[in-house]
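Trainee: Please pick one part of this structure and go through it closely. I would like each term explained when it comes up.

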Amino acid sequence: MKSTSFRSAVGAVLTAALSAVVLPASAASAAENPAAAGTVDTATAQSFGRLADAVLTQRTAALLDTERSVRSAALLAEKNVRLSAGQTRTEDTALSTLRTRKARLAALGEAYTSADTRVAVDRVRVEAGRATVQATETTTLTYKKIRGDEPATTGFQAHHRLSFAATADGKWQLTGLTSTDDGPLAVNEPSTARVAAGTTALPEATPAAISVPSRPQTKPAGSYDYTVMASYAEKYWQNYNPAYRKFNEAGGDCTNFVSQALKAGGWANKSGDAEDYRSWWYDTSYQSTSWVGANEWSWFTLDAKRATNLANVYYMGVGDVMQMDFDKDGSKDHTMLVTYRSSSGVPYLTYHSVNTYRKSVASIIASYPNSAYYAYRT
């Protein structure tokens with residue numbers, strides 16, 4: 001396993017980010033007790049980043065096939081920044097949850113041999129006695145060759161908000177770490193899936209089974225270029241295509257991203273009112289709701305016979321689409337595209353929000369065993 005520490009380059013980025021919000025350490029109140037006064041010097045701010053790196057690296061390590069402790073010096077030996085007692089308990093619970101997910105993955109035939117987690121601090125905001133850190137995590141995990149046909153790696157970017165509180169002795173404690181992304185959990189995000197009781201699936205689409213079938217199903221030749229769809233998604237999974245608008249701050253970019261890939265592979269615009277789900281289009285100023293909305297995309301796709309529902313998620317091939325209803329409340333929450341399929345029949349999905357490359361359907365199911373899944377043959 002390759003564990004990570006907070007990189008010096010990140011420190012330079014952090015220094016720049018702090019220039020507008022950190023008061024000089026020489027200020028009278030800061031000199032007496034910087035934390036209590038609501039100020040931090042650059043060294044303390046960099047310690048915030050090292051602590052974030054250590055915590056997220058440890059979460060990633062809990063998923064590895066041969067886990068070893070990566071509770072780095074940054075986590076235990078920072079002079080001015082440490083975990084609060086409550087956050088220590090939270091992290092212990094998180095690691096237990098992630099080890100359970102690792103066992104569930106192993107039962108589904110998936111494991112990771114190594115990982116690399118890097119953290120970049122995007123913003124630090126300091127107010128009296130409180131500090132909020134916005135950080136971006138980029139993690140790559142290496143698939144263990146169990147069947148021999150897995151892709152080399154899977155990766156994702158996730159965004160986090162870290163909350164720090166000043167203590168009476170002028171030090172800081174991490175009191176909270178939350179994801180700010182919409183969409184499925186990153187594989188090292190320990191939050192449990194939400195489950196709503198007494199709900200049923202929408203009638204417009206048929207939920208797909210998630211058990212591994214006894215026989216994999218081969219995708220027949222179709223009228224679209226599935227290789228181009230996959231290539232498009234894998235080109236722009238992390239670096240967005242500037243020719244399209246982003247919708248990360250407007251409900252999520254997942255369906256917009258899949259629509260782009262489908263268009264690249266041959267889906268044609270269908271004109272009509274933007275609010276009518278029976279239309280599907282994008283232009284320089286606007287787009288149909290079916291282009292960006294998960295439910296509307298499903299309604300359009302089935303109505304226009306652009307795709308049909310599959311009985312099992314493992315039947316999906318390259319260019320097929322999977323949607324999820326996280327809490328089974330009848331509304332689809334997320335859209336993904338298959339960009340790789342192993343010879344033994346495991347689909348791997350690439351998507352936006354959280355930006356993710358080749359994540360196996362097994363990994364997604366392991367994180368959301370109680371969600372509703374919809375598979376579409378394009």
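**From one loop residue to two packed helices**

Mentor: With a relative accessible area of 25%, Lys171 counts as partly exposed (buried is under 20% relative accessible area, exposed over 50%, and partly exposed lies in between, using a 1.4 Å probe and protein chains only). Residues are numbered from 1 along each chain as its sequence is written, and the model is a predicted one, in which local features need pLDDT of at least 70, side-chain atom pairs count only at pLDDT 80 or more, and totals for chains, interfaces and linings use all residues. Side-chain values rest on heavy atoms, with hydrogens and water left out.

Lys171 sits in the loop between β4 and β5, the latter covering residues 172-179 (helices are DSSP runs of H or I with at least four residues, strands are runs of E with at least two, both numbered from the N terminus). Arg82 is 89 residues away from Lys171 along the chain, yet the C-alpha atoms of these two residues are separated by 8.4 Å.

The whole protein gives some background for this. It has 10 helices and 11 strands, and 52% of its 378 residues are buried. A contact here means heavy atoms within 4.5 Å. Among contacts between residues at least 6 apart in sequence, 67% join residues at least 24 apart. The protein exposes about 15,900 Å², and carbon and sulfur atoms supply 51% of that area (accessible areas come from the Shrake-Rupley method with a 1.4 Å probe, with only the protein chains shown counting as cover for residues).

The part for the close look is the pair of helices α7 and α9, together with the aromatic rings around them. Take α7 to begin with.

How many residues of α7 are buried? Nine of its 11 residues are, so to speak, out of the way, and the helix is mostly covered. The buried ones are Cys254, Thr255, Asn256, Phe257, Val258, Ser259, Gln260, Ala261 and Leu262. What do the buried residues of α7 pack against? Among the helices, their partners are α6 (226-236), α8 and α9; among the strands, they are β7, β8 and β9 (347-351). After α7 comes Gly266, which has a positive phi near 125 degrees.

Now turn to α9, which runs over residues 294-303. Its buried residues are Ala294, Asn295, Trp297, Ser298, Phe300 and Thr301. A general point helps in reading such a list: an α-helix has 3.6 residues a turn, so residues three or four places apart point the same way. The buried residues of α9 pack against two helices, α7 (254-264) and α8 (289-292), and also against the strands β7 (321-325), β8 (334-341) and β11 (372-377). Thus α7 and α9 appear in each other's list of partners. Lys305, just after α9, takes a positive phi of about 60 degrees.

Next come the rings. The structure holds 19 aromatic pairs (rings of Phe, Tyr and Trp, the last by its six-membered ring, pair if their centres lie within 6.5 Å; planes under 30 degrees apart count as stacked, over 60 as edge-to-face, and the rest as tilted). One of these involves Tyr277 and Trp299: the ring centres are 6.0 Å apart and the planes are at 75 degrees, so this pair is edge-to-face. Tyr277 belongs to the loop between α7 and α8, whereas Trp299 belongs to helix α9, so the pair ties together parts that are 22 residues apart in sequence. Neither ring residue is fully covered or fully open: Tyr277 is partly exposed at 32% relative accessibility, and Trp299 is partly exposed at 26%.

A second pair joins Tyr282 and Trp291. Their centres lie 5.3 Å apart with 40 degrees between the planes, which is a tilted arrangement. Are Tyr282 and Trp291 buried or exposed? Both are buried.

Ring pairs also link a set of residues into a cluster: Tyr224, Tyr244, Trp267, Trp280, Tyr282, Trp291, Trp297, Phe300 and Tyr376. Trp297 and Phe300 in this cluster are also on the list of buried residues of α9. Tyr282 and Trp291, the tilted pair, belong to the cluster too.
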